[in-house]
Amino acid sequence: MGGVVYSILFLLLLALPLTGCKTSSDDAPTYYSVTIASTISNGSVTANKTSALAGDTVKLTATPADGYELSSYSVTDANTNAITVTEEGTFTMPESNVTVSATFKETEETANQTAADAVIAKIKAIGTVAYTSDSKALIDAAREAYDALTDAQKELVTNYSTLTAAESTYSTLKTEADTETANQAAAADVIEKINAIGTVAYTDACKEKIDDARTAYDALTEAQQVLVTNYDTLTEAESTYESLITYTVTLTGGANATASGGATTQSDLSGAMTTVTYTASNGYYFADFTATTTNGITLTRTSSSVVTVSGTPTTDTSITVPDAAQIVPVTGITLNKTSTTITAGSTETLSVSAYEPGNATFQTVTWSSDNTDVATVDTTGLVTAVAAGENGSNASATITATATDGSGITATCTVTVTPASVDVNNRGFTASSWENCIGGNLITE
């Protein structure tokens, strides 16, 4: 009977829970749960026990997702108190249920690519560059993000050239816009000055406004000048003002000459003056001078006896006309030869060796021949023997040098032209010797 009782007790003991709990709750061991948090991302965690006694060692195993690695474990008890986890991923079970969590971080390679991808996206977001605040904000955001990368991350930004191109384009657009703004402002200033001219009058105040507008316009660049919409108003004002201006030309001097054509004082000129011609009196001449122009009026010596004054004045102008000087007439001419003999076909130059008096005003002559069939002379005194007389005889012509001052003084040179020699079989003959031949026939051996 006693053996049966013990057998029953033994079976009852085997039927008790493995927790070691006894029939008395005070003496039974307590197992506490190990719960894996459901909020873990980028990886997973497992524990080698789902429940454990206080003091037991629990081993955790982390499995990161691709591109991630374990950063840290977090184990807390029922009161959210942190439980220490060793570097090996183990912890000692407290007398409490615990919750296990873990944080996974990107690997360095993945983090670099993620950072670079973010910048790539910002650069793509720039799109077509325009000179707007929105476009500038997108460019600046991409630049700021790129500059914040490490060197390794910057190497992964595949569209960096798009960012620099966008910056360059924006800079160009800004420069163009700034230039256009400056051009518009400069042109507007000139437009205002032109409008200020108003009705044109022949007054200093009006002239000042016109000149001020002209100076301002000329200082503009070509691009700015195109923007001046009332430029025609300026040119019309200038033209109108010029038509209102009148000037006076006063001529003095010109003694021993007669003025003709126009008055020596011409007033209220709004254009060209009437040309005044000064003609030297008989026995007088105008010394040579270079034409001069003063304020649009030109003084010209057209010949030794005529001076003209003409032109369009640009202001009131006084011109002094040279006085005509008295001519010292030629009283005598001496040639280098008074007679000469020249063979037909040859030349010789005659010249004036002296004028009397030595201070004669016009020491020039004209040349002439009284028989151009025999000898001619050009304007320089070069005499050309044209032909001798008939039958081999000599011929003569008188070359005359006449003073150009109107005094009528002359000098002459008698030119005798002899026949040219004829060479027959190396024998020298002249035309005159031909008559000495028998019967007028030349006999040769």
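**Exercise 1. Work out how helix 3 and helix 5 meet.**

Let's start with the crossing: helix 3 passes helix 5 in a left-handed crossing, where left-handed means that the near helix is turned anticlockwise from the far one by less than a right angle, and right-handed means clockwise. Keep in mind that this is a predicted model, where local features need pLDDT of at least 70 and side-chain atom pairs count only at pLDDT 80 or more, while totals for chains, interfaces and linings use all residues. Residues are numbered from 1 along each chain as its sequence is written, and side-chain values use heavy atoms, with hydrogens and water left out.

Step 1: find the two helices. Helix 3 covers residues 133–147 and helix 5 covers residues 160–195. Helices (H or I, at least four residues) and strands (E, at least two) are DSSP runs, numbered from the N terminus.

Step 2: get the geometry. The two pack at an angle of about 140 degrees, with axes 10 Å apart. Axes here are lines fitted to C-alpha atoms, for helices over the stretch in contact, and angles run from 0 to 180 degrees between N-to-C directions.

Step 3: name the arrangement. Helix 3 is therefore oblique to helix 5. Angles under 35 degrees count as roughly parallel, over 145 as roughly antiparallel, 65 to 115 as roughly perpendicular, and the rest as oblique.

Step 4: list who touches whom. From helix 3 come Lys136, Ile139, Ala142, Arg143 and Tyr146; they meet Tyr160, Leu163, Thr164, Ala166, Glu167 and Tyr170 of helix 5. Contact means heavy atoms within 4.5 Å. Sorted by type, the residues of this contact are seven nonpolar, one polar and three charged. (Ala, Val, Leu, Ile, Met, Phe, Trp, Tyr, Cys and Pro count as nonpolar, Asp, Glu, Lys and Arg as charged, and the others, Gly among them, as polar.)

**Exercise 2. Trace the sheet that contains strand 2, then the one that contains strand 1.**

Step 1: put the strands in order. Strand 2 belongs to an open sheet of three strands, ordered 2-4-7, with antiparallel pairing. Two strands pair if DSSP finds at least two bridges between them.

Step 2: look for the edges. Strand 2 and strand 7 (90–92) are the edge strands, each pairing on one side only. From one strand to the next, the twist averages 25 degrees.

Step 3: zoom in on one pair. Strand 2 and strand 4 (residues 57–64) share five bridges, and alanine 47 has leucine 60 as its bridge partner in strand 4.

Step 4: move to strand 1. This strand sits in an open sheet of five strands, in the order 3-1-8-5-6, with mixed pairing. Strand 3 (51–53) and strand 6 (82–83) are its edge strands. Strand 1 runs parallel to strand 8 (residues 98–106), with three bridges; isoleucine 36 partners valine 100 there.

**Exercise 3. Hunt for unusual backbone spots in the loops.**

Step 1: check asparagine 42. Its phi is positive, about 65 degrees, although it is not a glycine. You'll find asparagine 42 in the loop between strand 1 (31–36) and strand 2 (43–47). Its relative accessibility is 31%, so asparagine 42 counts as partly exposed. (Buried means under 20% relative accessible area, exposed over 50%, partly exposed in between, with a 1.4 Å probe and protein chains only.)

Step 2: check proline 357. A cis peptide bond joins glutamate 356 to proline 357, with omega about -5 degrees. Proline 357 is in the loop between strand 22 (352–356) and strand 23 (365–369).
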